Structure formats: structure tokens, C-alpha cells
Amino acid sequence: MGVDGAGPGRRVVVLPVGVAGGGGDWGRSPYRSMPEAERSALWRRRLHEAEAGLTRYLVSLGDQPQLAEWFALQGEIFADLPEESAPSAQWQRLFFRGQALMERFLVRRYGEGVLAAWAASNAEVHRTVEPDHGRGAADPIHRIARQAELYGSDYEFDEERPPGRERAGLTITHCAIWDYREQARRSGVTITLASPCTYCTHALSANIRAKGFRPAHRLHSGPAGHGCHWEASAGSEGTDEGTGAV
């Protein structure tokens, strides 16, 4: 993976040949062969975006008593921190535990209504730490695909119109986050939100906007389980399009 300069504070990462698509069955779950080290690195990046974004949001509130509690919670989030070379499953557990703790912290003190503001704050971190790959609207959609892969979700890029600079789309046909949440719940993890979509839709929309594109999503459920369709497009941002129910 090479890196080209693209101005101050901006990274353009050149993906290895074959990752960005082209030929064969590229549009269906193309990241199945993502290496362990890359999976672990993406879990760490996601945790950094969430933790740094929440710190940023709390500082903006100027809520000193809550900040003191947040500092204590950080110790709980990062307890038993794995070695960098640890299997990605260990980083996945750390991220999920941290995400669950942060959701509970926010919802108990401020209500679910602040989740969108937290997601927007996280997206400002995402804007900086998520490298650009020079694919335009396809970049944020590929990031969603990689996140879907981390949980083992079933997903595919839009076949009629492959991801491009002006527009890109992705369908998650089975969201395995739901499966993982239930496994975690059975193991004793406290799950605050009734649906992962409650936060996830805010987070993915904010990340797409942070990269300069207009998001749209549609939720669906059926025999294959819960899923969603996402699009990123160039042009004026406007209001997100979001439909469907879980």
C-alpha cells in the first residue's frame, strides 16, 4: 500500500491491485481476504474515531462533572488492551465493548437524541484519520464494505452501476452486527439501544458527508435478516434520504 502526498492534512492511499474492483466477482464481498493485520488496524481506527469523537463532543458541552465520569469510563474501555499484534477478534471485542459503554454513557445522561451529534463529532475525526483512495464517492462506500466485512456481514456493490467517482452504492443483504450483538448480550454485555441502526445510520451518514458526499440509505428486513442499502453521491449535500424500518 503506497501513499501519495495530496496537500496538507490529506492522505491519498493507493490500494493494491485487485482491491478496488475490476472483473470477475469483484462486486460481491470483495474484502473476504482482508488480512488479519488490516482487520485489527480498522478496529483500532474505528475505536479511535468513536473515543476521540466523544471526547471532542463532551468538551464542546463544557460539562465538567460529566467529563470526570468520562475519564473514568475511558479506563474501563481500554482495560485489558490487546497487543498490537493480537488477533483481530480481540480488537473486535474491545471495540464492541467500548462502543456499548459509550452508547450507555450518552443515552443515560442525555438521551438517544444526542447520538446524531456524537456521530457528527466522530465524523470530524474520521475526516482526518480515514485516508482517501482517489475513488471519489466510492471511497466512503468501500469503507462501509470493509466495516461490514469485519462482522462477517453479507454485502455487495451495486451491479448495474459499479462504484464510481460521482456515485457509489452498496447493499448489506445480511447485517451480522445484529448476530454479534445478541451473542454479546448472552455473554453479559449490556446493550443500550434496541437496534444497532439507531446509531449506525447516523454514523455512516455523517462519515459520508465528512468526505464531501451526499448520503442516502434504506433499511430492510426479511428472511435473510436485517440489511440496508447505502449510496454516496456528488453534488449538494441537502437532507439525507433514509427510509425503511427494522
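These are my notebook entries on a predicted model of a protein chain.

**Entry 1: the overall layout**

I began with the secondary structure, and I found seven helices and seven strands in the protein chain. Reading from the N terminus, I wrote the order down as β-β-α-α-α-α-α-β-β-α-α-β-β-β. Next I looked up burial: 49% of the 246 residues count as buried. I also checked contacts between residues at least 6 apart in sequence, and 68% of these join residues at least 24 apart. For the outside, I noted an accessible surface of about 11800 Å², with 52% of that area belonging to carbon and sulfur atoms.

**Entry 2: the nonpolar core**

I remembered a general point here: in soluble globular proteins, nonpolar side chains tend to be buried together. Which residues touch the most other members of the largest nonpolar core? I found that they are L54 and W70, in a core of 61 residues. The helix α3 gives the most to this core, namely nine residues.

I then stayed with W70 and listed its partners, leaving aside neighbours within four places in sequence. W70 is in contact with E51, L54, T55, L58, I77, M102 and F105. So L54 turns up twice in my notes, as a contact of W70 and beside W70 in the core count.

**Entry 3: the cavities**

How many cavities of 30 Å³ or more does the structure hold? I counted four. The largest has a volume of about 380 Å³. It is lined by 24 residues, and R46, F95, Q99, E103 and Y199 are the closest to its centre. I sorted the lining by class and got 15 nonpolar, four polar and five charged residues. Several helices take part: α1 (36-61), α3 (88-110), α4 (115-129), α5 (138-151), α6 (177-186) and α7 (197-210) each supply at least two lining residues.

The second largest cavity holds about 200 Å³ of space. Among its 20 lining residues, I172, C175, I177, C200 and L204 are the closest to the centre. This lining divides into 14 nonpolar, five polar and one charged. At least two residues each come from α5, α6, α7 and the strand β6 (225-233).

**Entry 4: S153, in a loop**

I looked for S153 and found it in the loop between α5 and β3 (154-157). Is S153 buried or exposed? S153 has 2% relative accessibility, so it counts as buried, the cut-off being under 20%. Setting aside neighbours within four places in sequence, I listed R32, A148, I172, H174, C175, A176 and I177 as its contacts. Three of these names, I172, C175 and I177, were already in my entry on the second largest cavity. I also compared S153 with G227: they are 74 residues apart in sequence, and their C-alpha atoms are 9.1 Å apart in space.

**Entry 5: D80, another loop residue**

My last stop was D80, in the loop between α2 (64-77) and α3. Most residues other than glycine have a negative phi. D80 has a positive phi of about 55° although it is not a glycine. I looked up its accessibility too: D80 comes out at 69%, so it counts as exposed, since exposed means over 50%. I put the two loop residues side by side to finish: S153 is buried, whereas D80 is exposed.

How values were computed:
Residues numbered from 1 in each chain as written. Predicted model: local features only at pLDDT ≥ 70, side-chain atom pairs only at ≥ 80, totals over all residues. Heavy atoms only, no water. 1 Å grid on protein atoms, 1.4 Å probe; cavity = no way out; pocket = protein on both sides within 12 Å on 5 of 7 lines; lining within 4 Å. Points joined across faces, edges and corners; volume = space filled by probe spheres on them. Helix = DSSP H or I, 4+ residues; strand = E, 2+ residues; numbered from the N terminus. Nonpolar A, V, L, I, M, F, W, Y, C, P; charged D, E, K, R; others polar. Buried < 20%, exposed > 50% of the residue type's maximum accessible area, 1.4 Å probe, protein only. Contact = heavy atoms within 4.5 Å. Areas by Shrake-Rupley, 256 points an atom, 1.4 Å probe, with all protein chains shown as cover. Core = buried A, V, L, I, M, F, W, Y, C linked by side-chain atoms within 4.5 Å.
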